[in-house]
Amino acid sequence: CGQRSMVGPPGLSKIVGGREAPEGAWPWQVSIQILSSHHCGGTIINSLWILTAAHCFFLSNDYFQVVMGLNVFSTPGPHTQTRSISKIIMHEDYNEFTSDNDVALLLLSSPLNFTDHVQPCCTPHNMSHEAALNLSYCFITGWGSTYFNEPVDRLQEAEVELINRTRCNQETWYNGIITENMICAGLETGGVDTCQGDSGGPLQCYSEKENSFYVVGVTSFGEKCGLPYRPGVYSKTSRFA
């Protein structure tokens with residue numbers, strides 16, 4: 001898991017702001033669509049299951065499809081795989097008012113075929129495993145489908161920094177609303193955050209020790225886009241492993 005054969009390891013050049021992602025750079029990124037329109041992002045965690053956000057789901061399964069191996073919406077190409085959703089499992093303690101426990105798992109209608117363009121991301125087993133991975137180089141990816149803006153045509157990527165909870169909860173930041181099930185990521189000065197990502201899409205970090213990417217967060221919310229002291233807020237994967 002967490003391998004990308006078409007792109008080298010991160011760290012050679014810092015990505016400031018967002019940019020278009022190279023083909024095959026994020027093979028676990030999926031597009032969750034309603035009637036063929038991009039709705040939310042998600043992450044492949046194995047051949048049958050997709051990790052995403054609970055707040056993406058307010059309709060029955062029948063309206064959704066999941067597209068894997070996609071980079072450019074307008075020209076999907078031969079690498080894409082499409083599945084319907086057999087089952088949506090939302091976290092039983094998801095709170096739509098506080099966004100606590102904003103995670104969901106989707107069971108696909110049939111297993112994926114893993115290729116250079118379609119791969120699973122690794123997931124931390126628990127919080128101590130995550131700490132031991134010594135993660136560096138964190139990225140958000142997506143087509144920018146958030147509450148505030150329409151998706152773009154090409155998959156975007158942006159490098160972000162993880163921001164500890166104490167800091168993110170400061171009065172001038174999020175003033176105490178970040179629970180222990182959440183993690184903040186962005187840049188203190190603003191300018192980069194989930195505008196590049198998607199609701200439900202991955203916050204992924206690289207482990208040099210394992211030479212693999214791990215999904216450490218699921219895009220949950222943020223106040224508008226790229227504002228100072230308002231980084232993106234993600235559901236913390238290691239709390240739900």
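How many salt bridges are found across the interface of domain 1 and domain 2? To answer this, it helps to begin with the layout of the chain, as given by this predicted model.

The protein chain is divided into two parts: domain 1 covers residues 29-108, and domain 2 covers residues 121-239. Taken over C-alpha atoms, the centres of domain 1 and domain 2 are separated by 18 Å. The two domains touch through many residues, with 27 residues of domain 1 in contact with 26 residues of domain 2. The size of an interface is often given as the accessible area lost when the parts come together. For domain 1 and domain 2, the area buried between them is about 1,900 Å², and 55% of it is on carbon and sulfur atoms.

The opening question can now be answered: the rule finds zero salt bridges across the interface of domain 1 and domain 2. Salt bridges do occur in the model, however, and their count comes to four. One of these four is formed by E20 and R154, whose closest N and O atoms are 3.8 Å apart. This pair links distant parts of the chain, since E20 belongs to strand β1 (residues 18-20) and R154 to the loop between β8 (135-142) and β9 (156-163). Along the chain, E20 and R154 are 134 residues apart.

Attention may now turn to empty space in the model. Rolling a probe the size of a water molecule over the atoms shows where empty space is left. The second largest pocket has a volume of about 260 Å³. Its lining consists of 15 residues, among which I45, L51, L105, F240 and A241 are the closest to the centre of the pocket. Two elements, β6 (81-90) and β7 (104-108), each give two or more residues to this lining. By character, the lining residues of the second largest pocket divide into ten nonpolar, four polar and one charged. Where does this pocket lie with respect to domain 1 and domain 2? Both domains give residues to its lining, and therefore the second largest pocket lies between them.

The model also contains one cavity of 30 Å³ or more. The volume of the largest cavity is about 90 Å³. Among the residues that line this cavity are P22, E23, G24, A25, W26 and P27, together with others that include H117 and L155. The lining of the largest cavity comprises six nonpolar residues, five polar residues and one charged residue.

Notes
Residues numbered from 1 in each chain as written. Predicted model: local features only at pLDDT ≥ 70, side-chain atom pairs only at ≥ 80, totals over all residues. Heavy atoms only, no water. 1 Å grid on protein atoms, 1.4 Å probe; cavity = no way out; pocket = protein on both sides within 12 Å on 5 of 7 lines; lining within 4 Å. Points joined across faces, edges and corners; volume = space filled by probe spheres on them. Helix = DSSP H or I, 4+ residues; strand = E, 2+ residues; numbered from the N terminus. Nonpolar A, V, L, I, M, F, W, Y, C, P; charged D, E, K, R; others polar. Domains from an automatic or database assignment. Contact = heavy atoms within 4.5 Å. Buried area = accessible area lost by both parts, 1.4 Å probe. Salt bridge = Lys/Arg side-chain N within 4 Å of Asp/Glu carboxyl O.
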